[in-house]
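Please find below a colleague's note on the structure shown here. The points move from the chain as a whole to individual residues.

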Amino acid sequence: MATRSVARAHAKVADARREFHHQLSTRLISENQGIAVENLSVGGLARTRLAKSVHDAGWAQFIGMLEYKAERYGRTFIRIGRFEPTSQVCSTCGTKDGPKPLSVREWTCTACGTVHDRDTNAARNIKQAAGLAASACGAPIRPEPVLAQREEAGSHGFPTGHRAA
C-alpha cells in the first residue's frame, strides 16, 4: 500500500516536471529563431553539493525537447561544447580570467574592470560562440513588437450589447 502511494507521488512529480518542460520549451522555440545551450557535464555537476538539484531539474530531458521542437518548427538549435570557457571569459573585452569555483557568482574582469554576473556573462559568451549575437552596430536581431491598431485588435468600437447596422 505504501509502495503504491510513493510510486503515485513520484509519477505525479515526474508528470508535472514533464508538463513544465513541454510548456517552457514550446514557448522558447516559438519566441526565438535560434536557441543555443551549453553541453553541461551533468555527471560532473551531480558529484557536487548541487547533485539533488541537478538531477531534479531533468536537464537532459529538457534539452531533448528543445532540440526536437526546434527541428519541427524550423528553428536553429546549437550546442556549445562543454569545454568552451563561457564563465571564464569576459564578454566585454574577451580576456580569459581563468576558472572560478561555483561559489563565485560575481567577478570583476582584471583587464577592463567590468563587473560580471557569472550566469549572465556565460549566456553572452554562449550567444557569441553560437553566432547568434546581434550585429556589430548593435541593432536587435528581431524588431520590437508593434501594438495592433484598434481595428486590428478585435474590438469594433461598439459598446457592449450593440451591433453594427
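The numbered points below concern a predicted model.

1. Overall make-up. The protein chain contains five helices and four strands. Read from the N terminus, the order of these elements is α-β-α-α-α-β-β-β-α.

2. Burial and surface. The protein chain has 165 residues, of which 21% count as buried. The area exposed by the chain is about 12000 Å², and 55% of this area is supplied by carbon and sulfur atoms.

3. Range of contacts. Taking the contacts in the protein chain between residues at least 6 apart in sequence, 56% join residues that are at least 24 apart.

4. The largest nonpolar core. Eight residues form this core: Ile-29, Ile-35, Val-37, Phe-62, Ile-63, Leu-66, Ala-70 and Phe-77. At least two of its residues come from strand E1 (34-38), and at least two from helix H4 (59-72). The most is given by H4, which contributes four residues. As a general tendency, nonpolar side chains in soluble globular proteins are buried together.

5. Ala-70. This residue of the largest nonpolar core is located in helix H4. Is Ala-70 buried or exposed? Its relative accessible area is 1%, and Ala-70 is therefore buried, the cut-off for that class being under 20%. When residues up to four places away in sequence are not counted, Ala-70 touches Ile-29, Arg-75 and Phe-77. Of these partners, Ile-29 and Phe-77 are also listed in the core. A further relation to check in the model is that between Ala-70 and Leu-28: the two are 42 residues apart in sequence, with a C-alpha to C-alpha separation of 9.4 Å.

6. Ile-29. Which residues does Ile-29 contact once its neighbours within four places in sequence are left aside? They are Ile-35, Leu-66, Lys-69, Ala-70, Tyr-73 and Arg-75. Among them, Ile-35, Leu-66 and Ala-70 belong to the largest nonpolar core. Arg-75 is in contact with Ile-29 and is touched by Ala-70 as well.

7. Gln-88. This residue sits in the loop between strand E2 (76-80) and strand E3 (106-108). Why does Gln-88 count as buried? Its relative accessibility is 17%, and the class requires a value under 20%. Not counting residues up to four places away in sequence, Gln-88 touches Thr-95, Lys-96, Asp-97, Gly-98, Pro-99, Lys-100 and Trp-107. One of these partners, Trp-107, falls within the range of strand E3 (106-108).

Key: Residues numbered from 1 in each chain as written. Predicted model: local features only at pLDDT ≥ 70, side-chain atom pairs only at ≥ 80, totals over all residues. Heavy atoms only, no water. Core = buried A, V, L, I, M, F, W, Y, C linked by side-chain atoms within 4.5 Å. Buried < 20%, exposed > 50% of the residue type's maximum accessible area, 1.4 Å probe, protein only. Contact = heavy atoms within 4.5 Å. Areas by Shrake-Rupley, 256 points an atom, 1.4 Å probe, with all protein chains shown as cover.
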